[in-house]
Amino acid sequence: FFFLMIRRPPRSTQSRSSAASDVYKRQMVMYAKQIIQANKTREKYMINKAKIQSVQYAMDTQFATMKMTQVMGKSAEIMKNMSGLMNVKEMSATMQDVSKQMMQMGLMDEMMQDALDAGTDDIDEGEIDDEVDAIINQVVGEPIQDKSDFKIPANKNVASAQKEDDLDELEKRMKAL
């Protein structure tokens, strides 16, 4: 037991630092190798993740294509059934009837507009002048003495000629029907 208690002479500080530096270097090399290995593993993981996402997108696209094919098939079947139900001659006759009715409605609308326009043309200009005077008195506070500058020239000849042309055109359309 005594021989264990004998102290060894201390090693030189140089040998200790070189031994420590050798251990430290080996540890650094091992650590660097582990970092490189971890980076390679991460790269492989990212590549595999990208491949899995690519496969997932391809599967989603394939599923959407299958769904679209089913919908298009159903749509084609519906269109086939509808074309079987339609009678072209009947449809043509109905469309012609609708066209005639729309033409008559258009003529009636024009006749109504002309009647309304004719009803509004009978307004007396004296009444209009009186109303204009009343409005000017309200706004300005005094009547205007010289009204000759404000009168609107009447083009009755142009309006009556246009009405006659419109009536002739309506009569031609009614005869055509």
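These points concern the fold, the exposure and two surface patches of a predicted model.

1. Secondary structure. The protein chain contains five helices and zero strands. Read from the N terminus, the order of its elements is α-α-α-α-α. Two of these elements come up again below: helix 2, which covers residues 13-85, and helix 5, which covers residues 156-176.

2. Burial. Of the 177 residues in the protein chain, 1% are buried. A residue is put in that class when its relative accessible area is under 20%.

3. Accessible area. About 17100 Å² of the protein chain is exposed. Carbon and sulfur atoms account for 60% of that area.

4. Nonpolar patch. Met68, Val71 and Met72 make up a nonpolar patch on the surface. Together these three residues have about 310 Å² of accessible area. Met72, one of the three, sits in helix 2.

5. Exposure of Met72. Why does Met72 count as exposed? Its relative accessibility is 53%, and the class begins at values over 50%; Met72 is therefore placed among the exposed residues.

6. Negative patch. Glu164, Asp165, Asp166, Asp168 and Glu171 form a negative patch on the surface. Among them, Asp165 belongs to helix 5.

7. Summary. The model has a helical chain without strands, with 1% of its residues buried. Its surface carries a nonpolar patch that includes Met72 and a negative patch that includes Asp165.

Conventions. Residues numbered from 1 in each chain as written. Predicted model: local features only at pLDDT ≥ 70, side-chain atom pairs only at ≥ 80, totals over all residues. Heavy atoms only, no water. Patch = residues over 30% accessible without salt bridge, like charges linked within 9 Å, V, L, I, M, F, W, Y side chains within 5 Å. Areas by Shrake-Rupley, 256 points an atom, 1.4 Å probe, with all protein chains shown as cover. Salt bridge = Lys/Arg side-chain N within 4 Å of Asp/Glu carboxyl O. Helix = DSSP H or I, 4+ residues; strand = E, 2+ residues; numbered from the N terminus. Buried < 20%, exposed > 50% of the residue type's maximum accessible area, 1.4 Å probe, protein only. Lys, Arg positive; Asp, Glu negative; His and termini not counted. Charge placed at Lys NZ, Arg CZ, Asp CG, Glu CD.
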